[in-house]
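Me: I have this model open at the bench and would like a close look at a single part of it. Could you pick one helix, tell me what surrounds it, and then follow the contacts outwards?

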Amino acid sequence: MKLTRQLSTLAGCLAACLLSPSTMAEPASSPEEVLLALINETGSSYLTQSEQNLMMMADSPAYWTIEDGADLFYTERGPNNVTLEGCDFGKGPGVIEGAYVELPRYFADTNQVMDLESRLVHCMTTLQGFSPDDPAVAERHGSSSDMMKLQAFISNQSNGYAWNTPLDHPLEKAFRDAGEVMFKRRAGPMDFACTTCHSDTGKRIRASVLPNISNASEWTKAISWPAFRVGQDNLRSSTHRVRGCYWQMRQAQVVAGSDAAIALMSYWTDAARGAPAILPDMKR
Ligand code: HEC
């Protein structure tokens, strides 16, 4: 499996080299190397909690999903029969290397702050001409959905890059600030806020050690999605994680792609600023 992957990476690399030498640099390290470096630096009990996952990361089933995503990205699709190379993820059309660690960000063409998922939806509907209810766009969950395949491929191009969301535009700052209020506001039948469980180091629920948002070296792993969830045998997105957390708090659900969901991600990504992304990560 690993050899196949390496060969196909090599083939993809050769093609990319010929097309644009400046954007093909291989990530300096694998996701497990990024994680190991963080572990060596911090000794965090959150980062070290699953030795088994660390051992399995090099052969993560996520790599199959990433390969499928690369195929989808470069295939002419949709009623307009074009690839996604015309899609601007913030660094210019078709530039995906290092793009994910700078999302969510403001896009002038939509006058909105968008995360990876909402940007993909935008490009698939406008550039490729898919209707929003086409399964290619509408199915968002699980490794077999086009959306997860594409997210896996694009985010993998940011492995090892430091989270670095722009805050220049007033809307980017407003979203980050709104996300902070959401993260800290207690509500619902349990009177929980995200901070109730995610603002201490070494806090546990049963066997799980919880990440502390005020420690970027821990928090980077917490927000490194899409990640392969071993217990669910599927790749899961940031959106899926946000929904899981609201469910855990017994609060009303956030709508995927809504300003609220994106604001929360703007805040949680800002909190990991400067720490390297682990993509794809592997979770319990
Ligand atoms: C009652 C405690 C609790 C609250 C409140 C809570 N979480 Fe969590 N959170 C957890 C637990 C437990 C996990 C690990 C879940 C698992 O492994 O299935 C987790 C996991 C996460 C992760 C992923 C961590 C990882 O290792 O990948 C993120 C990010 C996260 N929560 C964000 C939030 C946000 C945002 C909120 C508020 C909307 C929130 N959490 C509220 C308990 C909580």
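Reply: Happy to! Let's take helix α7 (residues 146-156), whose buried residues are covered by elements including α4, α5, α6 and β6. A word on the ground rules before we go on. This is a predicted model, in which local features need pLDDT of at least 70 and side-chain atom pairs count only at pLDDT 80 or more, while totals for chains, interfaces and linings use all residues. Residues are numbered from 1 along each chain as its sequence is written. Helices (H or I, at least four residues) and strands (E, at least two) are DSSP runs, numbered from the N terminus.

How much of α7 is buried? Eleven of its eleven residues are, so α7 is largely enclosed by the rest of the structure. Here a residue is buried if 20 or more other C-beta atoms lie within 10 Å of its own, exposed if 12 or fewer, and partly exposed in between, with C-beta atoms placed from the backbone. The buried set takes in charged-looking names as well as greasy ones: D146, K149, M147 and F153 are among them.Now to the neighbour α4 (residues 62-73), which packs against α7 at an angle of about 95 degrees, with the axes 7 Å apart. Axes are lines fitted to C-alpha atoms, for helices over the stretch in contact, and angles run from 0 to 180 degrees between N-to-C directions. The two helices are therefore roughly perpendicular to each other; angles of 65 to 115 degrees get that name, under 35 counts as roughly parallel, over 145 as roughly antiparallel and the rest as oblique.

On the α4 side, the residues that meet α7 include A62, I66, L72 and F73, and their counterparts in α7 include M148, L150, A152 and F153. Two residues are in contact if their C-beta atoms, placed from the backbone, lie within 7 Å. By class, this contact has nine nonpolar, three polar and three charged residues. Ala, Val, Leu, Ile, Met, Phe, Trp, Tyr, Cys and Pro count as nonpolar, Asp, Glu, Lys and Arg as charged, and the others, Gly among them, as polar.

One residue of α7 deserves a stop of its own: I154, which is buried. Leaving out residues up to four places away in sequence, I154 touches F89, I96, A99, Y100 and L116. Together with I262 and L264, I154 touches the most other members of the largest nonpolar core, which has 59 residues. Helix α12 (residues 259-270) gives this core its largest share, seven residues. Such a core is a set of buried Ala, Val, Leu, Ile, Met, Phe, Trp, Tyr and Cys residues joined through C-beta atoms within 7 Å.

L116 also leads us to helix α5 (residues 116-126), where L116, L120, C123 and M124 are among the buried residues. The buried residues of α5 pack against β2 (112-114), α6 (135-138), α7, α11 (238-248) and α12.

Finally, there is β6, another part of the cover over α7. This strand belongs to an open sheet of three strands, ordered β6-β5-β7 with mixed pairing. Both β6 (234-236) and β7 (281-283) stand at the edges, each with a single partner strand, so one side of each is left without a neighbour in the sheet. Neighbouring strands are turned by 35 degrees against each other on average, direction ignored. Two strands pair if DSSP finds at least two bridges between them; β5 (residues 227-229) and β7 run parallel and are joined by three. In one of these places, F228 has M282 in β7 as its bridge partner.
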